[in-house]
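The following note sets out numbered points for a colleague who is examining the coordinates. It begins with a single position and then turns to the helices, the surface and the overall fold.

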Amino acid sequence: MWLIWTILIGILAGYLAGQLVKGHGMGIGIDLLVGIVGSVLGGFVFGLLGLAAYGLLGRLVMAVVGAVILLLIVRALKRA
């Protein structure tokens with residue numbers, strides 16, 4: 001059940017991050033995939049900073065932050 005919630009939060013985070021990070025757009029599929037990976041990145045970054053996310057909203061914020069970071073990195077590499 002934990003994995004299903006993680007994937008759903010990652011998908012929602014990818015969608016929200018795609019809306020926040022405007023640009024040429026890479027398609028909703030890539031944004032959703034980046035959201036899932038970004039949720040893991042967000043957990044890593046929050047852990048490095050000594051922050052913790054509790055509850056559904058906290059995990060969603062953490063995942064969105066990670067997905068935005070990852071989208072910015074992917075879009076910067078795509079331009080290069």
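1. G18 counts as buried in this predicted model, because its relative accessibility is 11%, and the cut-off for the buried class is under 20%. The residue belongs to helix α1, which covers residues 2-20. Once neighbours within four places in sequence are set aside, G18 is in contact with D31 and L71.

2. Two C-alpha distances help to place G18 with respect to other parts of the chain. G35 is separated from G18 by 17 residues in sequence, and the C-alpha atoms of the pair are 8.6 Å apart in space. For K78 and G18 the separation is 60 residues in sequence and 15 Å in space, again C-alpha to C-alpha.

3. Which residues of α1 are buried? They are T6, I9, G10, A13, G14, A17 and G18. The buried residues of this helix pack against both α2 and α3. As to its geometry, α1 has 19 residues, which at 1.5 Å a residue should span 27 Å; the end C-alpha atoms are 26 Å apart, and the two values therefore agree.

4. Helix α1 also has residues outside the buried class, and two leucines may serve as examples. L3 is found in α1 and counts as exposed because its relative accessibility is 52%, the exposed class being over 50%. L8, also placed in α1, has a relative accessibility of 46% and so counts as partly exposed. The C-alpha atoms of L3 and G29 are 19 Å apart, with the two positions 26 residues apart in sequence numbering.

5. Both leucines recur in a nonpolar patch on the surface. The patch has an area of about 980 Å² and is made by M1, W2, L3, I4, W5, I7, L8, I11 and L56. Helix α1 supplies the largest share of the patch, namely seven residues.

6. Helix α3 comprises residues 55-79, 25 in number. At 1.5 Å a residue the expected span is 36 Å, and the end C-alpha atoms are 36 Å apart, so the expectation and the model agree. The buried residues of α3 are G58, L60, M62, A63, V64, G66, A67, V68, L70, L71 and R75. These buried residues pack against α1 and against α2, the latter running over 28-48. L71, listed here as buried, is one of the contacts of G18 described in the opening point.

7. Is K78 buried or exposed? K78 lies in helix α3 and is exposed, because its relative accessible area is 52%.

8. Turning to the fold as a whole, the protein has three helices and zero strands, and the pattern read along the sequence is α-α-α. The radius of gyration is 12 Å, close to the 12 Å that the globule rule gives for 80 residues, so the protein is as compact as a globular protein of that length. Along the principal axes, the C-alpha atoms fill a box of roughly 35 × 25 × 15 Å.

9. Some totals complete the description. Of the 80 residues, 34% count as buried. Where contacts join residues at least 6 apart in sequence, 79% of them link residues at least 24 apart. The protein exposes about 5200 Å², and 78% of this area is supplied by carbon and sulfur atoms.

Conventions
Residues numbered from 1 in each chain as written. Predicted model: local features only at pLDDT ≥ 70, side-chain atom pairs only at ≥ 80, totals over all residues. Heavy atoms only, no water. Helix = DSSP H or I, 4+ residues; strand = E, 2+ residues; numbered from the N terminus. Buried < 20%, exposed > 50% of the residue type's maximum accessible area, 1.4 Å probe, protein only. Contact = heavy atoms within 4.5 Å. Expected span 1.5 Å × (residues − 1). Rg over C-alpha atoms; globule rule 2.2 N^0.38 Å. Areas by Shrake-Rupley, 256 points an atom, 1.4 Å probe, with all protein chains shown as cover. Patch = residues over 30% accessible without salt bridge, like charges linked within 9 Å, V, L, I, M, F, W, Y side chains within 5 Å. Salt bridge = Lys/Arg side-chain N within 4 Å of Asp/Glu carboxyl O.
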